[in-house]
Amino acid sequence: MPRVDADLKLDFKDVLLRPKRSSLKSRAEVDLMRTFTFRNSKQIYTGIPIIVANMDTVGTFEMARVMTKYAMFTTVHKHYSLEQWKLFASNHPECLEHVAVSSGSGMADFERLENIIEAIPLIKYICLDVANGYSEHFVEFVKAVHARFPKHTIMAGNVVTGEMVEELLLAGADIIKVGIGPGSVCTTRIKTGVGYPQLSAVIECADSAHGLNGHIISDGGCSCPGDVAKAFGAGADFVMLGGMFAGHDQCAGEIIEKNGKKMKLFYGMSSDTAMKKHLGGVAEYRASEGKTVEVPYRGDVENTIRDILGGLRSTCTYVGAAKLKELSRRTTFIRVTQQHSQVFS
Amino acid sequence: MPHIDNDIKLDFKDVLLRPKRSTLKSRSEVDLMRSFTFRNSKQTYTGIPIIAANMDTVGTFEMAKVLCKFSLFTAIHKHYSLEEWKKFAADNPDCLQNVAASSGTGSTDFELLEQILESVPQVRYICLDVANGYSEHFVQFLRDVRRRFPDHTIMAGNVVTGEMVEELVLSGADIIKVGIGPGSVCTTRKKTGVGYPQLSAVMECADAAHGLNGHIISDGGCSCPGDIAKAFGAGADFVMLGGMLAGHTESGGDLIEKGGKQYKLFYGMSSEVSMKKYAGGVAEYRASEGKVVEVPFKGDVEHTLRDVLGGIRSTCTYVGAAKLKELSRRTTFIRVTQQANPIFRD
């Protein structure tokens, strides 16, 4: 008979952080910078470990330029050509230590990745992203990429359970992307029934990764700065955001006017929209696993960045963490039935 | 004193499937076909075990024609006349192995069933469907049908617990329909307070049926392809769909125009609409146990079928099942508090 795991798994919405005594005088004292040395590449990272997702709407060069100013990171989407990369690299060399080049596990993707990394040696990060990180095929691919680029830091995913985090780390990845189905424009859970509540996934995967000196990214499911704080509190080394960065000037796509309101298109990378754009359509044997939505236009992303970083600093003062590094050690989650007052929602 | 079962019974919405290691390279490698040999009829089945429900809006001949192209199955509703059946059989001989003729326990129902099976001998499946499969009367009826048609495969239900699955299997049924109250247009739980969360019902009933070499259908409660995957994962041999197949070109009923949008009517078979249509009204002593809704028109069912089958193939790759047959063996459910991110609700 199929098994049911008895203990309930939790999402961000199921918890809040318990405040703790603090000797901090102001949010301004909180240090959000982190430094990591990666397990396999042996490279060192320093920055605020928030990452823009490798989606073609948000993981843009324009976004990377702003993120770099704030020491944040961008996984640039895989649909830029070598020529576009070269141009970006020569105009914005300062950005290159804060970006990753992305690839799926297909041959064409990999050739493009090789060309870009050979042409721009200052890029030190590779993001290997597939919908299902559980396939043997993907593990072999990670091994091959690590063999080809032993000194590049490899992000790989997505997975949601400890044993697969361990497998990918041992195959040569440095940072494991955690999350199946939590994203706002992801419909994998609806289409397949597969998934894992994000907070529990992060807690379990961080534990596995840290035991092997690996790192993880919480990828997806954050809808407000508080969720970002909870992901860090749960043990995520990095937090990746898609929807929270959608709808800004720096995002790809035109502004749409609708009933006097300005909107921008945002969609999952397995949605009809994305599959039509990049593959010419949805293949016969598969279903689309993403939605397409219009999000309100929100202007410059810098305002959103300040809002997120301000929120995170405030979290740290509430739990008495002088540094982001201390946040997970100072975290006690309490289970709740609602996030905030519904009176004016 | 009334007894309370303390462990929480689960619905599809309470769980997700845990991904597992997989050697599959692509969703296209997944085989959704299954073959069964039935316990009592000794007949063999091969196909993708998804069934259109025997509701007059969904279990239509038009639906059967499309579903059989995809190797899916249709439980034809019981309101077609013998003449209509004969015409369908003459025009679509290829579809007959993928359809069942339905009947309740009434004597007029049974007479019609007999006539259909005698005139169209290629129909090999009988669907005996009553709201309450727990009645002694139904068990006796099942025994009579089995005696009369020893070589036909009999689907019977609905029930939700292991002991009644066993009783029906031992009384001659091959495939037990599982589900009381989960359907989108069913109000049995509201009107009576009776029911059983569908995921737990399927797990418990599959276990009971498989122990006797019987089979089960998870009937009702699926609102998206992921739910179908969970039903198979829980051990269902077949999954029956009503609402997910409603609102298509092939569904019964006329198109309704409202505010520039197109709709089709969908209703439970114990709803007022249905009882008025077939029984001349709701009898004095009973309440309607179904709703009537207008569902947005969704076009040809073929698109929905591709979406459903694509979703299940994806599920199989996530849990490492090369065949649908392996899905339940590869299934671990985790308990959750929400399904998908609600930020951009449809």
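**The A–B interface**

Okay, let's start with charges: between chain A and chain B the count is 6 salt bridges. Keep in mind that this is a predicted model. One example to pull up on your screens is A:Glu284 with B:Arg306, where the side chains meet in a salt bridge at 2.7 Å, N to O. And if you go for polar contacts, you get 25 residue pairs between chain A and chain B, both residues at pLDDT 80 or more.

So, which elements give two or more residues to the side of chain A that touches chain B? On the helix side we have helix 4 (136–148), helix 5 (162–170) and helix 6 (188–192) of chain A. Then come two strands of chain A, strand 1 (3–8) and strand 15 (292–296). Strand 1 of chain A gives the largest share of that side, 6 residues. As for the make-up of chain A's side, it splits into 22 nonpolar, 13 polar and 16 charged residues.

Let's stay with strand 1 of chain A for a second. What does it pair with across the interface? The partner is strand 15 of chain B, residues 332–335, and the two run in the parallel sense over 4 bridges. If you want a spot to zoom in on, A:Val4 stands opposite B:Phe333, which sits in that strand of chain B.

Now the overall numbers. The contact takes in 51 residues from chain A and 50 residues from chain B. The area buried between chain A and chain B comes out at about 4400 Å², and carbon and sulfur atoms give 58% of that area.

That's it from me; happy to rotate the model if anyone wants another look.

How values were computed: Residues are numbered from 1 along each chain as its sequence is written. Chains are lettered from A and ligands numbered from 1 in the order in which they are written. This is a predicted model: local features need pLDDT of at least 70, side-chain atom pairs count only at pLDDT 80 or more; totals for chains, interfaces and linings use all residues. Side-chain values use heavy atoms; hydrogens and water are left out. Contact means heavy atoms within 4.5 Å. Buried area is the accessible area (1.4 Å probe) that two parts lose on being put together, summed over both. A salt bridge is a side-chain nitrogen of Lys or Arg within 4 Å of a carboxyl oxygen of Asp or Glu. A polar contact is a pair of N or O atoms within 3.5 Å; within protein, one must be able to donate a hydrogen and the other to accept it, and residues adjacent in sequence count only if both atoms are side-chain atoms. Ala, Val, Leu, Ile, Met, Phe, Trp, Tyr, Cys and Pro count as nonpolar, Asp, Glu, Lys and Arg as charged, and the others, Gly among them, as polar. Two strands pair if DSSP finds at least two bridges between them.
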